[in-house]
Amino acid sequence: MPAQRPWQLGGQILEGALLGRRDDGGGAGAGVRALEPFGARPGARFCLAPGVLSLPARSGIRGPARPGGSQPCRRFLSVSAMPAVLGFEGSANKIGVGVVRDGAVLANPRRTYVTPPGTGFLPGDTARHHRAVILDLLQEALTEAGLTSQDIDCIAYTKGPGMGAPLVSVAVVARTVAQLWNKPLLGVNHCIGHIEMGRLITGATSPTVLYVSGGNTQVIAYSEHRYRIFGETIDIAVGNCLDRFARVLKISNDPSPGYNIEQMAKRGKKLVELPYTVKGMDVSFSGILSFIEDVAQRMLATGECTPEDLCFSLQETVFAMLVEITERAMAHCGSQEALIVGGVGCNLRLQEMMETMCQERGARLFATDERFCIDNGAMIAQAGWEMFRAGHRTPLSDSGITQRYRTDEVEVTWRD
Amino acid sequence: MQAPDRDEAGEGSEAEAAGGESSGSREGDDASGVGGQGAEGEAAGAPQAGQGPQALGPGGDAAPAPVAAASRLLEFTLTVPFRSPLEADMARRSLAPHAQRHGGVVHKELAVNGSALAVRWTAEDPVFFRISINSFLDQLSLVIRNIRGFGTPPPRSLGPGKRS
């Protein structure tokens, strides 16, 4: 726990941000990917930490509501000048509780439900894990932030998308806490949580977003008060493809199967040709998974390749597909910024490939580290902070969860 | 803890362990619709399958009773005492948004009677019936721990967002 709050440390926080850590517990402070892993690559365009600690340009007094806007601006006048929002996230196997106040992450503890090698996480077991730790996490977040219930202005929680039972477990606590402390409640779209945290941490203004995780794979760009989906997977998410391949090889799920695949891929020497499935703006991974599951046993048995070679080949193939559809979206939008969010966004090889593409286009790439790439409570708090200031509220009677919640269903009234 | 169906006794004891103070509704002695209907439901549906008295066959074994064409309706009623009506209502509001999660296959009603939360399930499918009850008990346990761990609720007279 830091002795001083991040915004009080000024430029010194840059050193803390570059250290980072891979264990659970996002911690307070900046989470921008350091430049060092990419060496002295010329023209590398990464957003560095100094811009993070100042109040983002998005904060401050909002202009008047657009004609026909769904949220009256008058409500903004009754909101605290520096609202603190508590966010609950638990849509998959990570459960996190975060506190954000006016662009600063005050706390972000997290726990991960890790299953044995060769297995995945099931909804009931995951929900049981979340129920067992969420109240301790809540107390930990308040303690780390140095706040009490009276200091919190709003309770945000993940409304969806995600796994049903874990979402319900988290929503129940959010509703109870909102009633206990007499605070307004906000249901947040998980995907938008990733985007808003990415924007906050990196300072990207209007990027083309590549959102890649175990549950979602989308290319998103903002337009006319919606985060529009320009391209996506037509079957399984890229992270799901990686996770399920990890099960085939019995790769450990600690800290995550994707991370362990990444480490093994670094030792790969041979590229095994896999199906490359880009369909216009969309991608498909289920066929690649079926193919590699089939060839893995045969090729490993005959010694044609090693598990490291397969990890390397899978990464190179699926990441190239993602780079292609991102570039296509950037060309369509005329965008000069790309932002990677989601758990798979932690992958350094993916960042490297995206950076190459951006460099060739004269564009800038933004990415965050594992504290904010991986599902966390602070991202829900940050999206909730934006929504709260824009006047959004979720009545208790409407505070259910939904496993299918499209990114473009939300009217983004907090952006121009 | 009383349950109209013999399979539900285990779940009933789980609720008691989780809440520490739960009991099944058996008598329609309160003003709530849940409790009153529960008594009727229990009396009529334990189980409600039209099973008449069994007659002995020639060998002394029970002859199969005529089964009515109507499907079997399962019912379970749960009453959970809280420290105050406010807490009971808080629990209801926390748990109510998931009242119809099983697409109408299981019908669940929540109501507050004084300081107690009363819940009644009715369903024809025993699998979804059991899943719904178990799931609710898990969430109920979490809500109770949450309420006890994070303080007493502020007075209702304050509006949202205002500090006590």
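**Salt bridges, cores and chain B in the predicted model**

Over all chains, the count of salt bridges comes to 16. The structure is a predicted model, and the values below are computed from it. Side chains of opposite charge can pair when their charged atoms come close, and several pairs in chain A are worth a visit.

A convenient place to begin is the pair formed by Arg267(A) and Glu308(A), whose closest N and O atoms lie 3.9 Å apart. With the cut-off set at within 4 Å, this distance of 3.9 Å counts as a salt bridge. The pair links distant parts of the chain, its two residues being 41 apart in sequence. Arg267(A) sits in the loop between helix H8 (257-265) and strand E10 (278-279) of chain A, whereas Glu308(A) belongs to helix H10 (residues 307-333) of chain A. Because its relative accessibility is 47%, Arg267(A) counts as partly exposed.

Helix H10 of chain A also holds a salt bridge between Glu324(A) and Arg328(A). Here the N to O distance is 2.8 Å. The two residues are 4 apart in the helix, so about one helical turn separates them. An α-helix has 3.6 residues a turn, so residues three or four places apart point the same way. Both partners can be placed by their accessibility: Glu324(A) is at 23% relative accessibility and therefore counts as partly exposed, and Arg328(A), with a relative accessible area of 33%, is partly exposed too.

Another residue of H10(A), Glu327(A), reaches across to helix H11 (residues 348-361) of chain A, where Arg361(A) is found. Their closest N and O atoms are 3.5 Å apart, and the two form a salt bridge. In sequence these partners are 34 residues apart, and the pair links distant parts of the chain. Arg361(A) is partly exposed because its relative accessible area is 28%, and Glu327(A) is partly exposed because its value is 29%. Beyond such pairs, Glu316(A), Arg349(A) and Glu352(A) are linked in a network of salt bridges.

Attention now turns from charged side chains to nonpolar ones. In soluble globular proteins, nonpolar side chains tend to be buried together. The largest nonpolar core in this model has 58 residues. Those with the most contacts inside this core are Phe88(A), Ile155(A) and Trp181(A), together with Leu117(B). Helix H5 (residues 164-181) of chain A gives the largest share of the core, 10 residues. A second core, separate from the largest, has 46 residues, among them Val219(A), Val238(A), Ile288(A) and Ile325(A).

Helix H5(A) itself deserves a closer look. This helix is mostly covered, with 17 of its 18 residues buried. From the first C-alpha to the last, H5(A) reaches 26 Å, close to the 26 Å expected at 1.5 Å a residue. Asn182(A) follows the helix and has a positive phi, near 55 degrees.

Finally, chain B can be described as a whole. Its secondary structure comes to 4 helices and 3 strands, arranged along the sequence in the pattern α-α-β-α-β-β-α. Chain B has 164 residues, of which 41% count as buried. Among its contacts between residues at least 6 apart in sequence, 64% join residues at least 24 apart. About 8200 Å² of chain B is exposed, and carbon and sulfur atoms supply 52% of that area.

Technical notes: Residues numbered from 1 in each chain as written. Chains lettered and ligands numbered in written order. Predicted model: local features only at pLDDT ≥ 70, side-chain atom pairs only at ≥ 80, totals over all residues. Heavy atoms only, no water. Core = buried A, V, L, I, M, F, W, Y, C linked by side-chain atoms within 4.5 Å. Buried < 20%, exposed > 50% of the residue type's maximum accessible area, 1.4 Å probe, protein only. Expected span 1.5 Å × (residues − 1). Salt bridge = Lys/Arg side-chain N within 4 Å of Asp/Glu carboxyl O. Contact = heavy atoms within 4.5 Å. Areas by Shrake-Rupley, 256 points an atom, 1.4 Å probe, with all protein chains shown as cover.
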